[in-house]
Amino acid sequence: MMNITSLTPFGTLPKDITSHWLPKSSNSSYNASILKCEQISIPEEIFLTLGIVSLVENILVIVAIIKNRNLHSPMHYFICCLAVADMLVSLSNVIETIVLILMARGALTVRNHVLKQIDNLIDVMICSSMVSSLSFLGAIAADRYVTIFYALRYHTIMTTRRSMIIIVGIWVISSISSILFIFYSENSAVIICLISFFFVMLIIMGALYLHMFALARIHAKKITAQNKNRAGHQATNMKGAITLTILLGLFLICWTPFFLHLLLIIICPKNPYCLCFTSHFHMFLILIICNSVIDPIIYAFRSLELRKTLKELIFCSW
């Protein structure tokens with residue numbers, strides 16, 4: 001936790017201001033040092049560079065999807081929202097890093113209550129990104145499921161209106177739940193709910209993907225038998241499912257250490273070994289930011305249409 005006075009002294013600037021995610025024990029650093037945990041120092045410039053790169057990448061993806069009418073489909077709407085969720089992480093990182101750099105160099109003086117508000121804003125953005133990212137990955141999984149198993153009825157089931165309702169619902173729930181988390185972050189039940197949501201969504205998506213890949217071949221043969229012209233369409237649907245499997249795998253790799261961090265805060269807040277793990281919080285943040293950097297590359301690599309539009313945007317050849 002931060003320990004700041006009314007005006008934060010420049011010589012005792014905290015390494016981060018996202019205090020809601022840190023162990024509440026004031027002896028965290030001491031216990032970690034007893035075990036001689038190897039601390040990895042990450043320069044603010046790395047955080048800032050990754051944040052800016054991610055911000056630019058995701059803005060390009062959003063603009064590309066908006067501009068290209070061929071990408072106006074429920075799946076790409078959800079991908080667009082996933083890019084917005086990634087932007088929240090990038091933006092929160094950029095804001096935090098700039099504030100810390102300016103304060104460290106004496107160019108900015110921030111009062112305690114203002115720093116607390118910045119802290120709350122950053123944590124709301126991180127929490128919103130996590131909840132919305134998982135939700136939109138779930139929405140994309142459901143969309144792919146309907147596409148593969150109800151291909152002939154897809155356009156009547158997953159309409160633009162329904163996809164917009166899903167999008168608005170996810171953002172409203174993500175925003176409200178994130179704000180509630182900040183207000184009640186001292187309550188362990190809140191963190192338990194957050195961790196439970198993570199595992200419940202993983203179980204749901206895992207079940208959908210297992211069912212999709214287990215029965216996709218059989219279903220593809222049935223559709224091919226009915227209409228050979230739909231074989232290419234089915235292959236495209238499976239490619240979309242594979243793309244989202246890659247995205248889900250990347251999400252797991254990059255976010256699991258963060259959720260393990262939260263879990264350890266609950267089950268062993270004073271255990272020195274747990275504190276040793278949680279002392280590497282900055283490494284977990286780097287992984288989360290890397291997720292938002294890599295996601296747009298996966299979108300472009302897996303989608304020819306999106307890749308073409310991104311090239312046109314970058315080289316200004318509209």
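Select T256 and L252 to begin: in this predicted model, the side chain of T256 reaches the backbone oxygen of L252 at 2.5 Å. T256 is found in helix 8, which covers residues 231-267. Next, display F198 and F251, two residues that T256 touches once residues up to four places away in sequence are set aside. Colouring by accessibility places T256 in the middle class: its relative accessibility is 34%, and T256 therefore counts as partly exposed, since that class lies between the 20% and 50% limits. To end this stop, draw a distance from the C-alpha atom of T256 to that of L287; the separation is 9.5 Å, although these positions lie 31 residues apart along the chain.

**Elsewhere on helix 8**

Remain on helix 8 and select I242. The relative accessibility of I242 is 35%, so I242 also counts as partly exposed. Show F213 and R302 beside I242, as I242 touches both, not counting residues up to four places away in sequence. A C-alpha distance is again instructive here: I242 and Y209 are 33 residues apart along the chain, and their C-alpha atoms are separated by 9.2 Å.

**The whole chain**

Now zoom out and show the cartoon. The protein chain has eleven helices and zero strands. Of its 318 residues, 50% are buried. If a contact map is available, restrict it to pairs at least 6 apart in sequence: 83% of those contacts join residues at least 24 apart.

**Helix 3 against helix 10**

Select residues 74-104, which form helix 3, together with residues 281-302, which form helix 10. Two packed helices are described by the angle between their axes and the distance between the axes. For this pair the angle is about 145 degrees and the axes are 9 Å apart. Helix 3 passes helix 10 in a left-handed crossing.

To see the contact itself, show side chains on both helices. Helix 3 contributes I79, L82, A83, D86, V89, S90 and N93. Helix 10 answers with I288, I289, N291, S292, D295 and Y299. Coloured by class, this contact comprises seven nonpolar, four polar and two charged residues. An α-helix has 3.6 residues a turn, so residues three or four places apart point the same way. With that in mind, compare the positions of I79, A83, D86 and S90, which are among the helix 3 residues in this contact.

**H76 on helix 3**

Keep helix 3 on screen and select H76, which lies in it. Is H76 buried or exposed? H76 counts as buried because its relative accessibility is 15%, below the 20% limit. Add S73 to the view: a polar contact of 3.0 Å joins the side chains of H76 and S73. Leaving out residues up to four places away in sequence, H76 touches I65, L71 and S303.

**Helix 2**

Finish at helix 2, residues 44-67. Why does the length of helix 2 agree with expectation? At 1.5 Å a residue, its 24 residues should span 34 Å, and its end C-alpha atoms are 35 Å apart, which agrees. Next, select the buried residues of helix 2: F47, G51, S54, L55, E57, N58, V61, I62, A64 and I65. I65, one of these buried residues, is also touched by H76. To see what covers the buried residues of helix 2, turn on helix 3, helix 10 and helix 11 (304-314), which are included in that cover.

Conventions: Residues are numbered from 1 along each chain as its sequence is written. This is a predicted model: local features need pLDDT of at least 70, side-chain atom pairs count only at pLDDT 80 or more; totals for chains, interfaces and linings use all residues. Side-chain values use heavy atoms; hydrogens and water are left out. Axes are lines fitted to C-alpha atoms, for helices over the stretch in contact, and angles run from 0 to 180 degrees between N-to-C directions. Helices (H or I, at least four residues) and strands (E, at least two) are DSSP runs, numbered from the N terminus. A crossing is left-handed if the near helix is turned anticlockwise from the far one by less than a right angle, and right-handed if clockwise. Contact means heavy atoms within 4.5 Å. Ala, Val, Leu, Ile, Met, Phe, Trp, Tyr, Cys and Pro count as nonpolar, Asp, Glu, Lys and Arg as charged, and the others, Gly among them, as polar. The expected span of a helix is 1.5 Å times one less than its number of residues. Buried means under 20% relative accessible area, exposed over 50%, partly exposed in between (1.4 Å probe, protein chains only). A polar contact is a pair of N or O atoms within 3.5 Å; within protein, one must be able to donate a hydrogen and the other to accept it, and residues adjacent in sequence count only if both atoms are side-chain atoms.
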